[in-house]
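Hi,

Here is the structure I promised to pass on. Have a look at it first, and my notes on one strand and its surroundings follow below.

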Amino acid sequence: MDVQRLETFVAVAQSNTLAEAADRLGYARSTVTSHLQGLERALGASLLERGASVNRLTKAGARFLEYATDILDKLAQAQAAVTAAAEDRPSSLSIGATASLCTYRLPGFLRTLRRLMPHLETQVFVGSVAELRDQVGRGELSAALVNSATVPATYPSAVPAAARPAEEGDRRHLWTDQVVLVGAPEQVARPQRLLVTAPGCVYRDIAERQALPRLGHVQVQQVGSVDGVKSSVLGGMGVGVVPAVAVGPQLQSGQLVELPLPALSPVMTELIWNAEVTPAHVVPHLRRLRPPQPLPPTAPRNLPSARPRPAYVTTGTAS
């Protein structure tokens, strides 16, 4: 039961198909199958349901996944501790994030890093998505949390040619946030004003491209950040587009109501990093962050009792 087999099993559990897992690992599909079969022989139990169109763990497989992820976490922690002790100095990671992610997602992400690497020191810098991608590409930041309405396949052409873009292995999709158009109860029947974030923000783009055409003739007013939109909406100034996680309690209490319009595009958040400037022992931790499960089919969510989706998932831990 070697480490490679454990890593293969965890990758399979996080992927939809064996082919997808093989692609992530850089293995032939036959190698992935061989690793799984070897684990099943060693354990004396089937870990994966046979014949399903997508990967589904058996009850034994789901139980073993908890131990496999814990074992790999412990090994990575041991590697980080040994490296830090050998260098005789704490490791440091410079992380960038957009303003909205700093408020609603960064704290949980930093707690996860601290759990995995207790001696890692982090410094956080705030910027727009374009700025952060550029800074990571040029090595001015080790890593950054960036969001977009779709998972980007490539980076914007505006990034200078001299900048080093993140390779496919230097990123990890972390969250998928539902997006809502909300207002105070007295505002949603006949909205007069659409409150928006600053240019370059993904929520500004969604507000202008998707919400505005559905609202008809309304005034557009910029109020800065997601927090600015939220506080202005609560103050009865108009309606605004925000991540559902930002207004969950207010929707539950009835302070805010979601407008009954077709669903807005979800916002994807990924971690990107520059392997040339990120400490070598930190990179394996970043690469093993677990991508989220696919979103279920969108259903009407115009209910105060609607709850936001889970915030962040790593190998076996949600925060």
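I started from the pairing of strand E5 (residues 179–183) with strand E9 (residues 257–258): the two run antiparallel and are joined by two bridges. Within that pair, Gly183 sits opposite Val257 of E9. Keep in mind that this is a predicted model.

E5 also pairs with strand E8 (residues 239–243), again in the antiparallel sense, here over four bridges. Val182 has Gly240 as its bridge partner in E8.

Now for the wider sheet. It is open and has five strands, in the order E7-E6-E8-E5-E9, and the pairing is mixed. Strand E7 (219–224) and E9 are at the edges with a single partner strand each, so each has one side without a neighbour in the sheet.

Back to E5 itself: is it covered or not? Mostly covered, with five of its five residues buried. As a general point, side chains in a regular strand alternate between the two faces of the sheet. In E5, Val179, Leu181 and Gly183 point one way, while Val180 and Val182 point the other way, and all are buried.

One last thing to look for is helix H9 (residues 226–234), which lies across E5, strand E6 (193–197), E7 and E8. The helix runs at about 135 degrees to E8.

Cheers

Definitions and conventions:
Residues numbered from 1 in each chain as written. Predicted model: local features only at pLDDT ≥ 70, side-chain atom pairs only at ≥ 80, totals over all residues. Heavy atoms only, no water. Buried < 20%, exposed > 50% of the residue type's maximum accessible area, 1.4 Å probe, protein only. Pairing = 2+ DSSP bridges. Contact = heavy atoms within 4.5 Å. Axes fitted to C-alpha atoms, helices over the stretch in contact; angles between N-to-C directions.
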